[in-house]
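Please work through the following exercises with the sequence and model at hand. Each task is followed by a solution in steps.

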Amino acid sequence: YKESRLPGIAGVIEEWADERAMFDTPELNRAVALLFIAMMSRNRFTVGGTDAALNLYILAVAGTGKGKEAARQSLMALLNEHLPDEVDDTGTTPITNSTCVERVASGPGLSNMLTRRKDRLWLPDEFGLYLSAVEKQGSNEKDVIAAFLGAVSRARGQMGAIQYSRSERSADPVNKPFLSALATTNPETMAKAMEGALFVENGMINRSVPVVCSPQGSRRRQVDTQKPNPLQINTWRSELERFESSADTPHRIPLTPEADDYLWEFALWCDKQEEAALWVRSYENALKLSGLVALGALSDGAPLEVTLPIAEWAVSAVKEGISQFRDMIEENTGRNRAVEREWTRIEKKILSLQGEKPKRVVLHPGSQAEKLFKEGYVFRSDVTHGLKKGAKSWKEQIADLVLQDRVIEVEAKNNPDSKFPASMLAVAGIPK
């Protein structure tokens, strides 16, 4: 399934999500399909000898403007139709919130959200920035992550009561919470968050199925964001309902002997890896992926079982995801450090202009700039609208441009009201 759609309803949803997206990002389309199936299973199925639940946590890394928002919108469109708000006996008043949640303000908030409705999909964006705030003293993000880790691994158990030290708030225990997540981020901020190395040891990363999107995705001239949800989902749901199961008495998806052996060999392989903390839950994640694909294949008339081709794909998806994620972190961690070095050099040059008459100077950051900078941007202290708000500070964006093969021209102007006169620069976006 590397070069083709997944079987059954998963492939149908992949194609549907692809037609709604501005950029060709097949990795995100597949994440949409798998997470939709996970949420529709509603904790009624397990897979393998470990009774692994089918809730799924996908950590998707993609550059800015590469389809992360389109993936979130596609998931919300599907789940708002097929897992709508539950209503009271009158049939009109919602008694729960939506399945999809984009923002969680606190740990108690996430726990209480699961108390009201156990099947939830968390859709945090800019997850790298979110994780960067976790190490701050007394951060709400730390409580949210603690609650998230407690819930995402206990779909077949209980999430215990939580008492938060910084307030009188608490959260009641939740029995069999079925929490999935699509956490999206860009490579630079994720690498910066990972510099503390906290998130491997505490299970933040190894609980996930990392997905590193290819940067080569092409832009489409036309998209159909209002494309109706696939009608085939209704037929597939009918197949799903044939299995009499619940969260208390789930249906176990069987593995063929060949698939079982293959997945077990992968488990033993994971145990031998030097980076044990990174691979410790990979076997379970491969089981989850296998079970989800097997559920999706019901719409093709296939029996509900994990076959060897499904198991092979699941193992390769987990292996490649972790390997690509590790490589991405190493590459961007080095790049972040290079950005800081370049900025330090640029800043010194700019500060050296203070006290002089306003003039324009071309900064050449040695070998970096000689290889780079074909187009050029003018940086001016009196232009501030050119920088994008969001993931990166203006300093990081300027330093990034130094590393992207562009010539920087700096017009240094003294500003008596500024502590950093000539360094308060912004991208004017004017070609040289």
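The exercises below concern a predicted model.

**Exercise 1.** Determine how many helices and strands the protein holds, and what share of its residues is buried.

*Solution.* The protein has 15 helices and 16 strands. Of its 432 residues, 52% are buried. The exposed surface amounts to about 20400 Å², of which carbon and sulfur atoms supply 48%.

**Exercise 2.** Establish whether strand E3 (residues 57-61) is enclosed or open, and identify its pairing partners.

*Solution.* Step 1: five of the five residues of E3 are buried, so the strand is largely enclosed by the rest of the structure. Step 2: Tyr57, Leu59 and Val61 point one way, Ile58 and Ala60 point the other way, and all are buried. Step 3: E3 pairs in the parallel sense with strand E10 (residues 178-185) over five bridges. Four bridges also join E3 to strand E11 (residues 209-212), again in parallel. Step 4: the bridge partner of Leu59 is Ala183 in E10 and Pro210 in E11.

**Exercise 3.** Identify the residues that touch the most other members of the largest nonpolar core, and examine the surroundings of Trp122.

*Solution.* Step 1: the core comprises 105 residues, and Trp122, Phe127, Phe148 and Phe325 touch the most other members. Step 2: leaving aside neighbours within four places in sequence, the contacts of Trp122 include Phe127, Phe148, Val101, Val104 and Leu179. Step 3: Glu102 and Ser180 are also among the contacts of Trp122.

**Exercise 4.** Classify Cys100 and Cys213 as buried or exposed.

*Solution.* The cut-off for buried is under 20% relative accessible area. Cys100, at 11%, is therefore buried. Cys213 is buried because its relative accessibility is 10%. The structure holds zero disulfides.

How values were computed: Residues numbered from 1 in each chain as written. Predicted model: local features only at pLDDT ≥ 70, side-chain atom pairs only at ≥ 80, totals over all residues. Heavy atoms only, no water. Core = buried A, V, L, I, M, F, W, Y, C linked by side-chain atoms within 4.5 Å. Buried < 20%, exposed > 50% of the residue type's maximum accessible area, 1.4 Å probe, protein only. Contact = heavy atoms within 4.5 Å. Disulfide = S-S within 2.5 Å. Helix = DSSP H or I, 4+ residues; strand = E, 2+ residues; numbered from the N terminus. Areas by Shrake-Rupley, 256 points an atom, 1.4 Å probe, with all protein chains shown as cover. Pairing = 2+ DSSP bridges.
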